[in-house]
Amino acid sequence: MGKLFNYSYKAEIIINAGIKQVWDVLVDHEKYGQWNPFTTEVNTNWKVGEKVELTVQMKKGRKSISQTERLLRLDPSKEIIWGMKWGFFLKAARTQRLTKMTNEGTEYYTEDKICGILSPIVHLIYGRQIQNGFESMAGSLKKYIEDDEA
């Protein structure tokens with residue numbers, strides 16, 4: 001579709017914890033609201049192809065957005081990808097990836113790629129909130145795990 005219709009929002013952070021501890025927090029969908037200020041609720045059975053129901057807080061103090069996506073990939077202790085597709089109108093894929101660091105830490109990386117003819121509108125309306133949400137989420141995940149609340 002060309003660069004005009006492709007957008008990417010991402011954040012990454014080093015968490016001073018083992019990869020298993022970080023993974024366990026990511027897949028504990030019942031506790032997302034305890035650490036994640038952006039995606040406050042996730043309901044899924046973690047089976048590829050099945051629904052992932054999300055509650056997203058785009059902007060503090062405003063009404064949350066509910067959306068349903070599909071689990072596209074689950075590679076234990078490494079990667080989760082969920083997304084949605086509305087034909088050529090809009091396609092999104094949200095990746096959360098963990099990488100073991102040499103110093104016992106874990107790199108957390110998250111990215112949402114969107115494309116399609118509606119993506120410029122999504123970017124215009126929500127782009128800044130998505131980017132801010134990802135940065136906030138990564139920092140909150142680090143704090144939650146390092147403060148040993150997990």
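Q: Helices (H or I, at least four residues) and strands (E, at least two) are DSSP runs, numbered from the N terminus. With that settled, which element gives the most to the lining of the largest pocket?
A: That's H3, with six residues in the lining. Keep in mind that this is a predicted model.

Q: What's the volume of that largest pocket?
A: About 510 Å³. Its lining is made up of 23 residues, and those closest to the centre are Met58, Gln67, Glu69, Val122 and Ile130.

Q: Which elements give two or more residues to the lining?
A: Helix H3 (119-146) is one of them, and the others are the strands E3 (51-56), E4, E5, E6 and E7 (106-115).

Q: How does that lining divide into nonpolar, polar and charged?
A: You get 17 nonpolar residues, plus three polar and three charged.

Q: And what about the second largest pocket, what volume does it have?
A: Roughly speaking, about 210 Å³. The mix in the lining there is three nonpolar, five polar and three charged residues.

Q: Which residues line the second largest pocket?
A: From the earlier part of the numbering there are Pro37, Phe38, Gln57, Met58, Lys59 and Lys60, and then come Arg128, Gln129, Asn132, Gly133 and Ser136. Met58 also turns up among the residues closest to the centre of the largest pocket.

Q: Gln57 caught my eye. Is Gln57 buried or exposed?
A: Gln57 counts as buried, because its relative accessibility is 17% and the cut-off for buried is under 20%. You'll find Gln57 in the loop between E3 and E4.

Q: What does the side chain of Gln57 make a polar contact with?
A: With the side chain of Ser64, at 2.8 Å.

Q: OK, switching to aromatics. How many aromatic pairs are there?
A: The count is four. One of them is Phe38 with Phe134: the ring centres sit 5.7 Å apart and the planes are at 80°, so this pair is edge-to-face.

Q: Where in the chain are Phe38 and Phe134?
A: In distant parts of it, 96 residues apart. Phe38 is in the loop between helix H2 (32-35) and strand E2 (39-44), while Phe134 belongs to helix H3.

Q: Buried or exposed, those two, Phe38 and Phe134?
A: Both are buried.

Q: Back to the strands. What does E2 pair with, and how?
A: E2 and E3 run antiparallel and are joined by five bridges. For instance, Thr39 has Val56 in E3 as its bridge partner. The two strands make a hairpin with six residues between them, and Trp46 in the turn has a positive phi of about 60°.

Q: How many bridges are there between E3 and E4?
A: Six, again in the antiparallel sense. Within that pairing, Lys51 has Arg70 in E4 as its bridge partner.

Q: What joins E4 to E5, then?
A: Five bridges, with strand E4 (residues 65-75) and E5 running antiparallel. Arg73 is partnered with Ile81 in E5. E4 and E5 also form a hairpin, with three residues between them.

Q: Where does Ser77 fit in, and what is its phi?
A: Ser77 is in the turn of that hairpin, with a positive phi of about 65°. Most residues other than glycine have a negative phi. Ser77 is partly exposed because its relative accessible area is 27%.

Q: On to the other side of E5: how many bridges does E5 have with E6?
A: Eight, in the antiparallel sense, with strand E6 covering residues 90-100. Met84 stands opposite Ala92 in E6. The hairpin of E5 and E6 has three residues between the strands, and Gly87 takes a positive phi near 60° there.

Q: How many residues of E5 are buried?
A: Six of the eight, which leaves strand E5 (residues 79-86) mostly covered.

Q: Which residue in the loop between E6 and E7 should I look at?
A: Try Glu104, which is found in that loop. Its phi is near 75°, a positive value in a residue other than glycine. At 57% relative accessibility, Glu104 counts as exposed.

Q: Last one: what is the separation of the C-alpha atoms of Pro120 and Phe5?
A: 6.3 Å, for two residues that are 115 residues apart along the chain. Pro120 lies in helix H3 and counts as partly exposed, at 24% relative accessibility.

Definitions and conventions:
Residues numbered from 1 in each chain as written. Predicted model: local features only at pLDDT ≥ 70, side-chain atom pairs only at ≥ 80, totals over all residues. Heavy atoms only, no water. Buried < 20%, exposed > 50% of the residue type's maximum accessible area, 1.4 Å probe, protein only. Pairing = 2+ DSSP bridges. 1 Å grid on protein atoms, 1.4 Å probe; cavity = no way out; pocket = protein on both sides within 12 Å on 5 of 7 lines; lining within 4 Å. Points joined across faces, edges and corners; volume = space filled by probe spheres on them. Nonpolar A, V, L, I, M, F, W, Y, C, P; charged D, E, K, R; others polar. Phe/Tyr/Trp six-rings, centres within 6.5 Å; stacked < 30°, edge-to-face > 60°. Polar contact = N/O pair within 3.5 Å; in protein donor to acceptor, adjacent residues only side chain to side chain.
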